[in-house]
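Please open the model in your viewer and keep the selection tool at hand. The tour below goes from stop to stop, saying at each one what to select and what is found there.

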Amino acid sequence: MFEILTSIGLGWSVALVLAVLFVLAYEFINGFHDTANAVATVIYTKAMPANLAVISSALFNFAGVLLGGLGVAYAIVHLLPVDSLLGMDSTQGLLMVFSLLFSAIIWNLGTWYFGIPASSSHTLIGSIMGVGGAFAWIHNEPVLHGINLTKATQIMLSLIISPTLGFVLAGVLLLLMKFVWQKHKIHRTPDEQFQINGKRHPPFWARVSLIASAMGVSFAHGSNDGQKGIGLVMLVLICMAPAYFALDMSSQSYDLERTQDANRRIMAIYSRNQAQISDLVDVQAQVSANDSLLSHCSAQTVLPAMSLLDRRLDKVSSFQEMSVEERREVRRLLLCIDDTARKVAKLDLPAKELTSLNKWRKDLTKSTEYAPLWVIVAIATALGCGTLVGWRRIVYTVGEKIGSSGMTYSQGIAAQVTAAASIGIASVTGMPVSTTHILSSAVAGTMVANRSGLQSQTIKQILLAWVLTLPITMLLSALVFITANAIWG
């Protein structure tokens, strides 16, 4: 790392360090903002002492980041359209990252201060969309051209559907538990348990279930939200130190051969299906077209980009042999080729071709969708440490202020099992979701199923935060980016 800082100069070194620290600060705030939801039920139901719960949650968050993969990380990065990533210089990339993080941090701190369970995921997504739209506006393009609408739609649907499912599934699970274990003590609140036998702790097996599901939520949270921080750090490193991070410099000769082979096989798929892909790939394009086409990814530039990538990889056995500009160029080529392949994969091609295309895409992006171990460990540490502080406000809201009466042990189990399963599935499929919204909705679902009633004021605050988060963070990040670009751009 020291070699990287010395090679890019003092000014850029300071900016790079500050940018990475900003991302770590966001992830730290994410830790005490979102993970409070993971431990809320286990603390409120007296299944674990608060200090032990947050320490255990921190450890499971750390493990979740380490083992969670990178699917969500690059889903976040791909919110910015490929043309924006191709045309962005280092200065604009830096200003973009600072602007979106400033917006996300301000909104997260504000909602945390008032004890409102708002979504860090929602906040980050709104901030990214804001700077993307501002980037397009600055370059005299329609604002929507700065947002990957397909990816944004997928993510927003995920953010809408997941809490709805959490609400329904948690309610159904609670009703099932009440049917199987009728008039059982797991359906008591801690206060009711204390009045009957002088103890607030849940029954043994219920306590085990609460602890296991809480740690499951923590692990799933780390695997999902931690990846968002990894994606942001990689965006910073790629923009500011492309010589070292535009491509995975640890790639061996075999990795380059796999990339080149995947590129050729995808070209062969296009050749066999020319009629079906004609809107996305101009099969008549001159593959020897000049390099200036690479600033824009379109149907006319795909085949020339694939041909140029093949020639570039044919000359080297490792990325170390390439110049800085060649590495950036290869990254741009790979982004454009993969973006087109992603669109082609949604067409009505033969099933065998689609299977092969998705397989070759994984080999194609292996050198661009990666993260060094130190980045993963740094994000895991920031998220884990953030878990240890600031959790009390959100715990009180989830435990006391969503329902009209206190939460029972069975409600805690139903809400946490639902949240852990939902977030875990989302992480595996590479979709960003909100721990806050899923768990809060699951708790609300159990309150309705239990006929406990809901506190309208709290529900209104949560819904208002959900509705306002996206437009406010988009507007704030866009204004900050436009102002910063006018001063330093």
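Select H15 and H16, two helices (helices are DSSP runs of H or I with at least four residues, strands are runs of E with at least two, and both are numbered from the N terminus), and look at how H15 passes H16 in a left-handed crossing; a crossing is left-handed if the near helix is turned anticlockwise from the far one by less than a right angle, and right-handed if clockwise. The contact (heavy atoms within 4.5 Å) is made by Leu334, Ile337, Asp338, Ala341, Arg342 and Val344 of H15 together with Leu354, Leu357, Arg361 and Leu364 of H16. By class, the contact of H15 with H16 has seven nonpolar residues, no polar ones and three charged ones, where Ala, Val, Leu, Ile, Met, Phe, Trp, Tyr, Cys and Pro count as nonpolar, Asp, Glu, Lys and Arg as charged, and the others, Gly among them, as polar. The two helices, H15 and H16, pack at an angle of about 160°, with their axes 10 Å apart; axes are lines fitted to C-alpha atoms, for helices over the stretch in contact, and angles run from 0 to 180 degrees between N-to-C directions. That makes H15 roughly antiparallel to H16, given that angles under 35 degrees count as roughly parallel, over 145 as roughly antiparallel, 65 to 115 as roughly perpendicular and the rest as oblique.

A word on what is on the screen: this is a predicted model, in which local features need pLDDT of at least 70 and side-chain atom pairs count only at pLDDT 80 or more, while totals for chains, interfaces and linings use all residues. Residues are numbered from 1 along each chain as its sequence is written, and side-chain values use heavy atoms, with hydrogens and water left out.

While H15 is still selected, pick out Lys343, which is found in this helix. Lys343 is partly exposed, with a relative accessible area of 43% (buried means under 20% relative accessible area, exposed over 50%, partly exposed in between, with a 1.4 Å probe and protein chains only). Add Thr150 to the selection: Lys343 and Thr150 are 193 residues apart in sequence, yet 9.8 Å apart in space, C-alpha to C-alpha.

Next, keep H16 and add H12. H12 and H16 pack at an angle of about 150°, with their axes 8 Å apart, and are therefore roughly antiparallel to each other. H12 passes H16 in a left-handed crossing. On the H12 side, the residues to show are Arg258, Thr259, Asp261, Ala262, Asn263, Arg265, Ile266, Ile269 and Arg272, and these meet Glu353, Ser356, Leu357, Trp360, Arg361, Asp363 and Leu364 in H16. The residues of this contact of H12 with H16 divide into six nonpolar, three polar and seven charged.

Is Ala262, within H12, buried or exposed? Ala262 is buried, with a relative accessible area of 0%, and, not counting residues up to four places away in sequence, Ala262 touches Trp360, Asp363 and Leu364. Ala262 and Asp363 are 101 residues apart in sequence and 6.1 Å apart in space, C-alpha to C-alpha.

Now select residues 302-314, which form helix H14; its 13 residues reach 18 Å from the first C-alpha to the last, close to the 18 Å expected at 1.5 Å a residue, the expected span being 1.5 Å times one less than the number of residues. Because 11 of the 13 residues of H14 are buried, H14 is largely enclosed by the rest of the structure. The buried residues of H14, among them Val302, Met306 and Leu313, pack against H12, H15 and H16.

Move on to helix H3 (residues 50-67) and helix H10 (residues 204-240), which pack at an angle of about 50°, with their axes 7 Å apart, and are therefore oblique to each other. The crossing of H3 and H10 is right-handed. Residues in this contact include Phe60 and Gly64 of H3, and Phe219 and Gly222 of H10; by class, the contact of H3 with H10 has eight nonpolar, nine polar and no charged residues.

For the last stop, select H19 (residues 409-428), a helix of 20 residues that is mostly covered, with 15 of the 20 buried. H19 is followed by Gly430, whose phi is positive, near 80°.

Finally, show the whole protein, whose secondary structure comes to 21 helices and zero strands, and in which 57% of the 489 residues count as buried.
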